[in-house]
Amino acid sequence: MAKTEFKSESKRLLDLMINSIYTHKEIFLREIISNASDAIDKLYYISLTDDNVGIAKDEFKINIEVDKDARIITVSDNGIGMDKDDLDNNLGTIANSGSFKFKQENGKTDDVDIIGQFGVGFYSAFMVADEITVQTKKYGCDQAYQWQSSGADGYEITEIDKDTVGTKIIIKVKEDTDQEKYSEFLEKYKISALVSKYSDYIRYPITMDMEHRKMREGSDLENPEYDMVTENEVLNSMVPIWQRSKKDVTDEEYNDFYKQKFLDFEDPARVFANSVEGVVTYKSLLFVPARVPYNYFTKEYKKGLQLYSSGVLIMENCSDLIPEQFAFVKGVVDSQDLSLNISREMLQHDRQLKTIANTLEKKIKNELLNWLKEDREGYEKFFSQFGKQLKYGLVADYGAHKESVKDLILFYSSTEKKMVTLKEYVERMSDEQEDIYFATGESVDAIDKLPQMEYFREKGIEVLCCGEEIDEFAIKGLNDYGKKTFKNIVNEDVAGEEKDSSADQGDDEVLKFIKETLGERVSEVVFSKKLRSHPVCLTAKGEVSFEMEKYMAAAQPEAHIKAERVLEINAAHPAVTALIANMTADKEKAEKYAKVLYTQAVIIAGLPVEDPSDYADMVCSMMV
Ligand code: ADP
């Protein structure tokens, strides 16, 4: 019978497997066992509503056999099994290709790394095997099948006889070479140690025949005699990690669980383990990843938690459990109060689930607040990764989550020169200051150089520098903090309280002249109260700010959303004095000065210059 070739991506992975370094090899057992456990989960789930399954809950198990002489490890389960199509589709192609692709695209770590870190499922068995045989019978099917492969050259599927439903994975372990040793995997103590290390929490018994020395009954205690006996022993404790008390679990165990379950190659930045008893009883084990996942801001990313009901997985990605602002949180929720055979549609309206979601939102918020308090540096690092998501939470769902986010967000402070919370800002405000001042711009650096900042710098007033696109929307969504409203200093209505005494405020002629020269480009020209060393600046009037204009220009260019421009001039500045002097002496020159100053204000505001070459010509003509 002709061999079927593996799909090309799988082939490449197989090569990696076969050539992987030793320390990674041992994870093959974990992968095979976790597949068996998944398969049992599936059949168990069916058995809840289908009497024909005929297997009681405590009869589900995974058994390991080792035949040292034949160099064979067999892992059997009485799970759902596979039919011919399943074998073709599931074992002919690599499953976790998402993480695999990620590594390839990022290309930063060596390929081998993914094996140890992610686990690449079934294929990992080829790290230790010459040949793998899968014998399987699917629940509800009469025919059983065998899938066999010795690696890169493809696989063969044949019909076989098999009485019981379930799957047997038969691993033919490679011979030792000078460089690589495999025989250790044929030692039962090693297999048992690997199960404890990687698969302890698997909820079904993992059994193996173990030989013991047992004292012969009736033998003399002083001079005991022993027999070798074989007993089928359970190797795992079967307690899921989230069911264990926090104090009994090491950081390493949490980290390993996270990486294995959520396919990350880095330890989580934070772990939140909680046990809640009350209206609804549940355990949750949540993780904050160290870094934004590569697909985080794409449609591909699925937020949500794994939902278990008394240890049985009922939903892989329950998005209703996680509010938008905490979409980065990964983890597991297990509750005995959820009905097991609840349908997904019903789940959405489930009151218990809503209660869990609400308490989780509070829990996460409090955990993050604690983090901020206890470990500022760590929190700021987290914020640099997921701050954008938190801010997004201020506007999501029409601001429904404002309360749980407002104390978690940080902004860069112009006076403190570091990230600060709104609470810290408000506490520092002087009695006279009524509003929370912020400035929007391309980046913190660009904001610091804005002419509008001069006044605030001089007075020592703290300004929050908002360099991210989302910032302005977030602040709009927030509306106020502790009864203080926000004022964007780049907008027209914010000014220093005293008027600039050196300016001739009465000279409307000057303003009129400049407005007429600039025409529709500006809606107004005013004497500035906040400029110091700069001659001009642009401020926005009304609802649309410059940052919003820039955002809209990129997001929806056809809408032509423009901020209303107000040109503020500093009458004390020599450049403006020169303009005023020329209004009567040389009108043409004065007009040119007005246009040049306006364009400079446009550039400083980070807006596109309408006619750059015209501007360049004007500046050159002034030089000669
Ligand atoms: P993953 O487990 O990440 O999906 P694997 O390569 O380990 O990737 O397995 C591929 C698929 O093969 C599984 O998703 C499952 O459908 C099927 N499979 C593997 N082992 C078993 C098993 N013991 N019983 C039933 N199906 C299995």
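Reader: What span should helix α10 (residues 351-374) have at 1.5 Å a residue, and how far apart are its end C-alpha atoms?
Author: Happy to start there, with the reminder that this is a predicted model. Helix α10 has 24 residues, so at 1.5 Å a residue it should span 34 Å. The distance between its end C-alpha atoms agrees with that, at 34 Å.

Reader: Which residues of α10 are buried?
Author: A residue is called buried when its relative accessible area is under 20%. In α10 the residues that meet this are Leu353, Ile356, Ala357, Leu360, Glu361, Ile364, Glu367, Leu368, Trp371 and Leu372.

Reader: Which ring cluster includes Trp371?
Author: Good one to follow up, since Trp371 is also among the buried residues of α10. Ring pairs join Trp371 to a cluster whose other members are Tyr296, Phe297, Tyr301, Phe326, Phe328, Tyr379, Phe382 and Phe386.

Reader: How many aromatic pairs are there in the whole structure, and how is the pair of phenylalanine 262 and phenylalanine 287 classed?
Author: Searching the whole structure gives 26 aromatic pairs. For phenylalanine 262 and phenylalanine 287, the ring centres are 6.1 Å apart and the planes stand at 55 degrees. Planes under 30 degrees apart would count as stacked and over 60 as edge-to-face. At 55 degrees, therefore, this pair is tilted.

Reader: Which parts of the chain does the pair of phenylalanine 262 and phenylalanine 287 tie together?
Author: Both phenylalanines are buried. They sit 25 residues apart in sequence, so their pairing ties together two separate parts. Those parts are helix α8, which holds phenylalanine 262, and strand β10 (residues 282-288), which holds phenylalanine 287.

Reader: Is the pair of phenylalanine 328 and phenylalanine 386 stacked or tilted?
Author: Phenylalanine 328 lies in the loop between β12 (312-318) and β13 (330-335), while phenylalanine 386 is 58 residues away in helix α11 (residues 376-395). Both are buried. Their ring centres are 4.6 Å apart and their planes are at 25 degrees, so the pair is stacked.

Reader: Where does lysine 388 lie, and at what distance from the ring centre?
Author: Lysine 388 is placed over the face of phenylalanine 297, which is one of the rings in the cluster. In a separate case, the charged end of arginine 213 sits over the ring of tyrosine 226, 4.0 Å from its centre. For lysine 388 over phenylalanine 297, the distance to the ring centre is 5.3 Å.

Reader: Which residue follows α8, and what is its phi?
Author: Helix α8 (residues 251-262) has 12 residues and reaches 16 Å between its first and last C-alpha, close to the 16 Å expected. Next comes the loop between α8 and β9 (270-276), where leucine 263 is found. This residue is partly exposed, with a relative accessible area of 31%. Although leucine 263 is not a glycine, its phi is positive, at about 50 degrees.

Reader: Is lysine 483 buried or exposed?
Author: Lysine 483 is another residue other than glycine with a positive phi, near 65 degrees. It lies in the loop between β18 (480-481) and β19 (484-488). With a relative accessible area of 78%, lysine 483 is exposed.

Reader: How are α19 and α20 oriented, roughly parallel or roughly antiparallel?
Author: The axes of helix α19 (residues 574-585) and helix α20 (residues 587-604) come within 6 Å and cross at roughly 150 degrees. Their crossing is left-handed. Angles over 145 degrees count as roughly antiparallel. So α19 and α20 are roughly antiparallel.

Key:
Residues numbered from 1 in each chain as written. Predicted model: local features only at pLDDT ≥ 70, side-chain atom pairs only at ≥ 80, totals over all residues. Heavy atoms only, no water. Helix = DSSP H or I, 4+ residues; strand = E, 2+ residues; numbered from the N terminus. Expected span 1.5 Å × (residues − 1). Phe/Tyr/Trp six-rings, centres within 6.5 Å; stacked < 30°, edge-to-face > 60°. Buried < 20%, exposed > 50% of the residue type's maximum accessible area, 1.4 Å probe, protein only. Lys NZ or Arg CZ within 6 Å of the ring centre and 35° of its normal. Axes fitted to C-alpha atoms, helices over the stretch in contact; angles between N-to-C directions. Parallel < 35°, antiparallel > 145°, perpendicular 65-115°, else oblique. Left-handed = near helix turned anticlockwise from the far one by under 90°.
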